[in-house]
Amino acid sequence: MKWLKRHIPTRETIHENRLLRPFARPLSDPALWRMTRRSVPRAVALGLGIGIIIPFMHTVIAAILAIPLRANVAITAALTLLVNPLTYAPIYYGCYLVGSWELHHDSSVIDPRAAEQVSGELGRVMFWVHHASGPIALGIVTVAATTSAIGYFVSAFAWRWWLASKWRQRRHARRAAKA
């Protein structure tokens, strides 16, 4: 938590950065940088969902979407980085498996001889992309929605648990001070 607070950019650094200057006014709202029980779960859900759905420039898009959704911008941007070039292949393969399961799509039904009839290498690649795009698209939406919902509820529960432990510590400290 302390490390994150040290590395979150300040309003001044946002106003100084020429790329962020167009968004400086909405990003200067202190509520977008505060860690509250509502903004953190929103940020977790948004960061995980956008990170899975959009494979490139997801950090920028998620940070821009955090403004109207009143989510913590720093946490949103940080969680999109869980999906990176090293994790794309396993995540998208898992999305394909989930989508295939949902659509009852059996890859053995695709006849390889039909792909051979398509002329040219690009035609063959497009044939396989066409047959895999439905399961992948549905799987991406399903996995993104599921991870967003799980992230939202886990972070909301963790926030409340952390807050309750702080209240317990204060209560014990007050009791010790009275004794």
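## Describing a helix pair

Helix axes here are lines fitted to C-alpha atoms over the stretch in contact, and the angle between two of them runs from 0 to 180 degrees between N-to-C directions. With that in hand, helix 4 and helix 6 of this predicted model pack at an angle of about 30 degrees, their axes lying 7 Å apart. Angles under 35 degrees count as roughly parallel, so helix 4 and helix 6 are roughly parallel to each other.

## The overall picture

Let's step back for a moment. The protein has 9 helices and 0 strands, and buried residues make up 32% of its 179 residues. Of the contacts with a separation of 6 or more, 69% join residues that are 24 or more positions apart.

## Helix 4 and its contact with helix 6

Helix 4 covers residues 39–53 and is mostly covered, with 13 of its 15 residues buried. Its length fits expectation: at 1.5 Å a residue the 15 residues should span 21 Å, and the end C-alpha atoms of helix 4 are indeed 21 Å apart.

Helix 4 passes helix 6 in a right-handed crossing. On the helix 4 side, the contact is made by Val 40, Ala 43, Val 44, Leu 46, Gly 47, Leu 48 and Gly 51, which meet Ile 75, Thr 76, Leu 79 and Thr 80 in helix 6. By class, the residues of this contact divide into 7 nonpolar, 4 polar and no charged.

## From helix 4 to helix 5

The loop between helix 4 and helix 5 holds Pro 55. At 31% relative accessibility, Pro 55 counts as partly exposed. Leaving aside residues up to four places away in sequence, Pro 55 touches Tyr 88 and Tyr 92. Pro 55 and Thr 80 are 25 residues apart in sequence, while their C-alpha atoms are 9.7 Å apart in space.

Beyond the loop, helix 5 (residues 58–69) packs on helix 4 at an angle of about 145 degrees, with the axes 10 Å apart. The crossing of helix 4 and helix 5 is right-handed. Here Arg 42, Leu 46, Ile 50 and Gly 51 in helix 4 meet His 58, Ile 61, Ala 62, Leu 65, Ala 66 and Leu 69 in helix 5. This contact has 7 nonpolar, 2 polar and 1 charged residues.

## Helix 5 and its neighbours

Helix 5 also has the length one would expect: its 12 residues should span 16 Å at 1.5 Å a residue, and its end C-alpha atoms are 16 Å apart. The buried residues in helix 5 are His 58, Ala 62, Ala 63, Ala 66 and Ile 67. They pack against helix 3 (24–27), helix 4, helix 6 (73–80) and helix 7 (88–103). Just after helix 5, Arg 70 takes a positive phi of about 60 degrees.

The axes of helix 5 and helix 6 come within 8 Å and cross at roughly 155 degrees. Angles over 145 degrees count as roughly antiparallel, and helix 5 and helix 6 are therefore roughly antiparallel to each other. Helix 5 passes helix 6 in a right-handed crossing. The residues that meet are His 58, Thr 59, Ala 62, Ala 63 and Ala 66 in helix 5 and Val 73, Thr 76, Ala 77 and Thr 80 in helix 6. This contact of helix 5 with helix 6 has 5 nonpolar, 4 polar and no charged residues.

Conventions: Residues numbered from 1 in each chain as written. Predicted model: local features only at pLDDT ≥ 70, side-chain atom pairs only at ≥ 80, totals over all residues. Heavy atoms only, no water. Helix = DSSP H or I, 4+ residues; strand = E, 2+ residues; numbered from the N terminus. Left-handed = near helix turned anticlockwise from the far one by under 90°. Contact = heavy atoms within 4.5 Å. Nonpolar A, V, L, I, M, F, W, Y, C, P; charged D, E, K, R; others polar. Expected span 1.5 Å × (residues − 1). Buried < 20%, exposed > 50% of the residue type's maximum accessible area, 1.4 Å probe, protein only. Parallel < 35°, antiparallel > 145°, perpendicular 65-115°, else oblique.
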